[in-house]
Amino acid sequence: MNLQIDPHMIVFFIASIGALVSALLVVEHKSIVYASFFLALLGTSNAALFVLLGYPIVSIFHLAVYVGAAVTFILFSVVLLKEAPLVEPIARGVAVITALEVLLLFSVGFKPLLESEPVQGIISLKEVSEVLVDKYSFALIIAALALATTMIEAITLARREVSS
């Protein structure tokens, strides 16, 4: 008996389970900081599903707008309202699992795209990245600064909880 395992099916199941679990945790969690974290996980799982459907550009924009902007907005709102999140010991384990899931999902999902030759009339990911770096480098710097600011705000929230 020859049993072959399709890596795309594994990624599909992981992304689907991740989306379902994180959607439940977004609704059920009492802390808005952790709810926004699970919202980011939900958006990342959906982006992985977009990659599996064959829409990598939609996936990238989904990550930038849905995950990046929405979660940034929520965290800035939390900082302005000065809500100290309740730190739970399980959150570190969930963060590690999430990082591994994202690594697996996108390494399997984007690998065929990076190895394939561009089809005539379709822009490759390499060309898109060259255009972004060459023509829109200032916007990328602004986006990187915004993400760094968000990370600083997250660290500030975490330290506020530890000192309280």
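In this predicted model, helix α2 is followed by glycine 54, a residue whose phi is positive and lies near 100°. The helix that precedes this glycine, α2, has 22 residues and reaches 31 Å from its first C-alpha to its last, which is close to the 32 Å expected at 1.5 Å a residue. Of the 22 residues of α2, 16 are buried, so this helix is largely enclosed by the rest of the structure.

One of the residues in α2, which covers residues 32-53, is serine 45. Serine 45 has a relative accessibility of 0%, and because buried means under 20% relative accessible area, serine 45 counts as buried. When residues up to four places away in sequence are left out, serine 45 touches Ala15, Gly18, Ala19 and Glu101.

A second serine, serine 22, is placed in helix α1, which is formed by residues 7-28. Serine 22 also counts as buried, because its relative accessibility is 0%. The side chain of serine 22 reaches the backbone oxygen of alanine 19 at 3.2 Å, and alanine 19 is in turn among the residues touched by serine 45. Beyond the residues up to four places away in sequence, serine 22 touches Phe38, Leu41 and Leu42.

Helix α1 also holds leucine 25, and this residue, unlike the buried serine 22, is partly exposed, with a relative accessible area of 31%. Leucine 25 contributes to a nonpolar surface patch of about 530 Å², which is made by this leucine together with Met9, Phe12, Phe13, Ile17 and Val21.

With regard to the protein chain as a whole, its secondary structure comes to six helices and zero strands, and the order of the elements from the N terminus on is accordingly written as α-α-α-α-α-α. The protein chain has 164 residues, of which 29% are buried. The accessible surface of the chain comes to about 11300 Å², and 73% of this surface belongs to carbon and sulfur atoms. Among the contacts between residues at least 6 apart in sequence, 76% join residues that are at least 24 apart.

How values were computed: Residues numbered from 1 in each chain as written. Predicted model: local features only at pLDDT ≥ 70, side-chain atom pairs only at ≥ 80, totals over all residues. Heavy atoms only, no water. Helix = DSSP H or I, 4+ residues; strand = E, 2+ residues; numbered from the N terminus. Buried < 20%, exposed > 50% of the residue type's maximum accessible area, 1.4 Å probe, protein only. Polar contact = N/O pair within 3.5 Å; in protein donor to acceptor, adjacent residues only side chain to side chain. Contact = heavy atoms within 4.5 Å. Patch = residues over 30% accessible without salt bridge, like charges linked within 9 Å, V, L, I, M, F, W, Y side chains within 5 Å. Areas by Shrake-Rupley, 256 points an atom, 1.4 Å probe, with all protein chains shown as cover. Salt bridge = Lys/Arg side-chain N within 4 Å of Asp/Glu carboxyl O. Expected span 1.5 Å × (residues − 1).
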